[in-house]
Amino acid sequence: MTTQSTNSPAGGATGVGHSKAAAAIEKARSEGRAALIGYLPAGFPDVQTSIDAGIALARNGVDLIEIGIPYSDPVMDGQVIQEATVQALDNGFTVPRIFDVVEGITRETDAAVLVMTYWNPVMRMGVRAFAERLAAAGGAGLITPDLIPDEAAEWLEASDEFGLDRVFLVAPSTSPQRMQNTVDASRGFVYAVSVMGVTGARTSVGAAARAVVDAAHAAGADRVCVGLGVSSSAQVREIGAYADGVIVGTALVAALRDGGVEAVAELTRELSTGTPKTAPGGTA
Amino acid sequence: MHQDTGLPAGDAGAADAIDGGAAEAFLSHDQSLRHAPGPYFGAYGGRWMPESLIAALDELQETFEKAKADPEFTAQVADLNRNYAGRPSLLTEAQRFAEHCGGVRVFLKREDLNHTGSHKINNVLGQALIAKRMGKTRVIAETGAGQHGVASATAAALLGLECVVYMGAEDTRRQALNVARMQLLGATVIPVTNGSQTLKDAINDALRDWVANVETTHYLLGTAAGAHPFPAMVRYFHEVIGDEAREQILEQAGRLPDAVCACVGGGSNAIGMFHGFLDDHDVALYGFEAGGDGVDTGRHAATITLGRPGVLHGARSYLMQDEDGQTMESHSISAGLDYPGVGPEHAYLSDIGRAHYEPITDAEAMEAFKLLSRTEGIIPAIETAHALAGAMKVGRRLAADLGPGEKASDRIVVVNLSGRGDKDVATAAGYFDLLPDDSAEQEIAEEGEQL
């Protein structure tokens, strides 16, 4: 149970390998833009709509989809996302349905689909069993907001066995040593938290985001994507100038809540104008 | 101890979680269990936390380790304990109450006599000093019944720190007088309307606040749970309970007790008390959890008795969870025990068999509440009443197991009287139907509230 080795396995943060997330980001890069990553919770407002909304993301400009598992104690989520996940749970969402959502999206689109989850539901199902089912559903891997590499020995093993991406978070407060360890342990991309705080739209993500991205790049991360607080195409453009991908969550969840799948499609189209195609390789 | 929950066996079942090596070492008496530093207690503990908070936890750990080794800091803590909190607290023999405990001798460790009325003051004074050493100007806390919130507001006032207390909206209604106390002490109380609106959700919101304000703010966690170093640090500040009790019982009874009893929600008073006796292998340790309406009803907070290992609020420990890993709502007549998790060191002590954990129902606790009030003139907190009800069972068992020529009065039980019952008078008055039909209090009690 002590800190395990975080040596990067083959295909880790420094190489594409079999990583679906890395491939999606590299494809965007080859088109001269940062990747656009959209978050939605599974089962909100119901399982089928969340599948339809995920497909709408993919068909309107999102390169990589992040699907959240509704959880009883979401300490990194702001009000909008928590309300959506509470509704999903109230509507009877159960954790195994996440595989239906992932499969429903991957069957219809080429988008890489990552699952964002707090750790206890995975632990409860069994880390290996969860990984096996996620891989079978066509999922790319996991984003783990409350699992740091220090505690992730089981997940490192299972993600290697099933060829899944493991996206760990780094924050403005992350020390240089932790940055190195986390970059080494990650596969697919490194998730840079733009601000100290929880999810939610903000007018500015501040200078901290760029500093975190630079630090992750300096530690050897090939792909660093920025999340928390991004809600407009202008922000996507601003962050896409220095990051390899931009993650939008709360704004999409609010769009789904207020306007359904069509509103998600419309917002996605608008956000994707923030990742313009310029000269190849011009996003670094 | 771990009853069948009716849930499918997970990958982390109780039997798998036992640290065989530690249990073996303990049983062979060659390893001290005292002062375990963390981050792990067997398979429990750790840091299951957002990366944003890891730097703050590192800073806290480093500051705490240096403070412990600094004579100036330990002298500060001792001075506040003696001249502000009122330590050492008394060890009172309860002769009339003992008649209901099989006739064994019963001693009460009087944490109820501390300033603010419970053991909570030990921890908040220590942590508030740590916050000052880190240069933080603001503390946040969570509270269920209000004891920890009042204690935090008190320590913040004393040391000149801003204080914000998160409290489930349901609990702010049930404990309106404690909300007023916190406000009188200068704290801001924020009612939490998420989730079940109780202690668990207050912790979630406090964590959100901490993520956003970690530069200026220390999270003054109220129990020996959460991410490392909280379980070890909170226990450190409460070890004074067990240290004093051990010394006092040797002086007053001339020997160590046969059993030590304490109530367990998160488990801070119990872990402090237990530590004094952990290496005394002949002293049995008992933690009493909130059995609510009964552990068969689903309405309880008996986390170790019926929970399974999982992760909540930063630590791996026993957890009341469903087959999906979603936290289940707990229930107890005591807001302070109404928590679906438990400190990781308790999970470990249970697994290796050093401490025993049993549920006490609301009804059993209230019976003990009444009994102590009427036999000793001490109104205990309802949390504490769980330990008293447990002590009655333990005492009767000890009396039933006497050998030839032995007397019940040869047996000694020490109970941690973790807090006084002033805050619970309205609940108890409603429970025992003591309020006149036309009183305002009765009207409020009928709505399920306490004030």
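The second largest pocket is lined by 16 residues, and those nearest its centre are S72(A), L89(A), G195(B), K200(B) and E329(B). The model is predicted. Chain A and chain B meet with about 3,100 Å² buried between them. Nine cavities of 30 Å³ or more are counted.

**Second largest pocket**

- This pocket has a volume of about 300 Å³.
- Helix α3 of chain A, residues 79-90, gives the most to the lining, with five residues.
- The lining of the second largest pocket divides into seven polar, five nonpolar and four charged residues.
- K200(B), one of the residues nearest the centre of the pocket, also forms a salt bridge with D73(A).

**Interface of chain A and chain B**

- Contact involves 38 residues of chain B and 40 residues of chain A.
- Carbon and sulfur atoms give 51% of the buried area of about 3,100 Å².
- On the chain B side, W48(B), E51(B) and R208(B) lose the most area to chain A, together 24% of what that side buries.
- Two salt bridges are counted between the chains.
- The side chains of D73(A) and K200(B) meet in a salt bridge at 3.0 Å, N to O.
- Polar contacts link 20 residue pairs across the interface, with both residues at pLDDT 80 or more.
- Five elements of chain B give two or more residues each to the side that touches chain A: β2 (44-48), α3 (54-68), α10 (199-213), β12 (308-312) and β13 (314-319).
- α10(B) gives the most to that side, with six residues.
- The side of chain B that touches chain A has 16 nonpolar, eleven polar and eleven charged residues.

**Largest cavity**

- The largest cavity holds about 310 Å³ of space.
- It is lined by 25 residues, and K120(B), L199(B), T223(B), G266(B) and G336(B) are the closest to its centre.
- Elements of chain B that give two or more residues to this lining are β5 (138-143), α7 (147-159), α10, β9 (259-264) and α12 (268-275).
- α10 of chain B thus appears both in this lining and on the side of chain B that touches chain A.
- The lining of the largest cavity divides into 15 polar, seven nonpolar and three charged residues.

**Second largest cavity**

- The second largest cavity has a volume of about 240 Å³.
- Its lining has 22 residues, of which E66(A), I81(A), Y191(A), T199(A) and L228(A) are the closest to its centre.
- The lining of the second largest cavity divides into 14 nonpolar, six polar and two charged residues.

Methods:
Residues numbered from 1 in each chain as written. Chains lettered and ligands numbered in written order. Predicted model: local features only at pLDDT ≥ 70, side-chain atom pairs only at ≥ 80, totals over all residues. Heavy atoms only, no water. 1 Å grid on protein atoms, 1.4 Å probe; cavity = no way out; pocket = protein on both sides within 12 Å on 5 of 7 lines; lining within 4 Å. Points joined across faces, edges and corners; volume = space filled by probe spheres on them. Helix = DSSP H or I, 4+ residues; strand = E, 2+ residues; numbered from the N terminus. Nonpolar A, V, L, I, M, F, W, Y, C, P; charged D, E, K, R; others polar. Contact = heavy atoms within 4.5 Å. Buried area = accessible area lost by both parts, 1.4 Å probe. Salt bridge = Lys/Arg side-chain N within 4 Å of Asp/Glu carboxyl O. Polar contact = N/O pair within 3.5 Å; in protein donor to acceptor, adjacent residues only side chain to side chain.
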